[in-house]
Amino acid sequence: MSVMDYDEVYRSSRPPWQIGGPQPALAPVLDNEVRGPKVLDVGCGTGDLALSLARRGFEVTAVDISAVAIGQAREKAAAEGLTVHFDAQDATHLSLTDGPFNSIFDSGLLHSLQRVDQQHVDDYLSQLPGLAAPGAAVFVLAMSIESGEGWGLTEAFLHACFPAPTWTATTVEPITITAEPDGERLSLRGFLLRTTRA
Ligand SMILES: C[S@@+](CC[C@H](N)C(=O)[O-])C[C@H]1O[C@@H](n2cnc3c(N)ncnc32)[C@H](O)[C@@H]1O
């Protein structure tokens, strides 16, 4: 998908991944596992996860390729009086000055890039070691190839994205991803990867 396609998606309708809050599978992470103070959300959409992190007191930077989504995210933050540094940026060519980050979240970005091509995945992943502070936590929520949607990632693919020695204590857990196409709530098979920057 190109920049224009995502802008069009956000402009014309509520996308199926926009469920009014962070993915429920991230609840235990949000409650107990976020390392601060600085947190990055890559591919943040309209900012529900980033806002949830800001409410918990973290210093949040959140980027998305869609300027339309970022505009909607800024409106939500302003309505709540929350401070989040939202910026329209392509995750394959990030330019961030407020890192390194103590936690990095990717809720649905990696699987979106993998649908484009491997080069997008490689360009994105190559930046993460430099954005993550030593000991930083990275969380990736991604659709499984077994979701029945005709696309998605495997557990082996996810592990290969975060190789040792740069990344340590990597785990991949099967989880449920929630989507709302046409207002109907769906549960889809996915994965939650956790890893730590050495
Ligand atoms: C499946 S949605 C997930 C949105 C949000 N993280 C959530 O959990 O609801 C994927 C997001 O990645 C964004 N995206 C796709 N390609 C991107 C890129 N190259 N750089 C930054 N964001 C991108 C899309 O605009 C979209 O908001």
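Helices (H or I, at least four residues) and strands (E, at least two) are DSSP runs, numbered from the N terminus. All views below show a predicted model.

**View 1. The loop before strand 1 holds a cis peptide bond.** Pro37 is found in the loop between helix 2 (27-32) and strand 1. The bond that joins Gly36 to Pro37 is cis, with omega about 15°. A second cis peptide bond links Gly99 and Pro100, where omega is about -5°. Pro100 belongs to the loop between strand 3 and strand 4. Most peptide bonds are trans.

**View 2. Asn102 and its contacts.** Asn102 has its place in strand 4. Leaving out residues up to four places away in sequence, Asn102 touches Arg35, Gly36, Pro37, Lys38, Ala133, Ala136 and Ala137. Two of the residues in contact, Gly36 and Pro37, are those joined by the cis bond of View 1. Gly183 is 81 residues from Asn102 in sequence, and the C-alpha atoms of the pair are 35 Å apart in space.

**View 3. The open sheet and its edges.** The sheet is built from 7 strands in the order 3-2-1-4-5-7-6, and the pairing is mixed. Strand 3 (85-88) and strand 6 (167-179) are the edge strands; each has a single partner strand, so one side of each lacks a neighbour in the sheet. With direction ignored, neighbouring strands are turned by 15° against each other on average. At one edge, strand 2 (residues 59-64) pairs with strand 3 in the parallel sense over 4 bridges. Here Val63 stands opposite Asp87 of strand 3.

**View 4. Strands 5, 7 and 6.** Strand 7 (residues 186-197) pairs with strand 5 in the antiparallel sense, over 7 bridges. Within strand 7, Leu192 is the bridge partner of Leu141. Strand 7 also pairs with strand 6, again in the antiparallel sense, over 11 bridges. In this pairing Pro174 stands opposite Phe191 of strand 7. The hairpin of strand 6 and strand 7 has 6 residues between the strands, and Asp182 there takes a positive phi near 55°. Ala169, which lies in strand 6, also has a positive phi, near 50°. Most residues other than glycine have a negative phi.

**View 5. Helix 5 against the sheet and helix 6.** Helix 5 (residues 109-116) lies across strand 1 (38-42), strand 4 (101-107) and strand 5 (132-143), and runs at about 65° to strand 5. Helix 5 also packs with helix 6 (residues 118-125) at an angle of about 140°, the axes being 6 Å apart. Angles over 145 degrees would count as roughly antiparallel, so at this angle helix 5 is oblique to helix 6. From helix 5, the contact uses Leu109, Leu110, Leu113, Gln114 and Val116; from helix 6, His120, Val121, Tyr124 and Leu125.

**View 6. The ligand and its surroundings.** The ligand is surrounded by 16 residues, of which Tyr10, Gly43, Asp64, Ala91 and Ser107 are the closest. A nitrogen atom of the ligand lies 2.6 Å from a backbone N or O atom of Gly43. For Ala91, a backbone N or O atom is 2.7 Å from a ligand nitrogen. A polar backbone atom of Ile65 is 3.1 Å from a nitrogen atom of the ligand. The ligand taken alone exposes 590 Å², and the protein buries 91% of that.

Note on methods: Residues numbered from 1 in each chain as written. Predicted model: local features only at pLDDT ≥ 70, side-chain atom pairs only at ≥ 80, totals over all residues. Heavy atoms only, no water. Pairing = 2+ DSSP bridges. Axes fitted to C-alpha atoms, helices over the stretch in contact; angles between N-to-C directions. Contact = heavy atoms within 4.5 Å. Near = heavy atom within 4 Å. Polar contact = N/O pair within 3.5 Å; in protein donor to acceptor, adjacent residues only side chain to side chain. Areas by Shrake-Rupley, 256 points an atom, 1.4 Å probe, with all protein chains shown as cover. Parallel < 35°, antiparallel > 145°, perpendicular 65-115°, else oblique.
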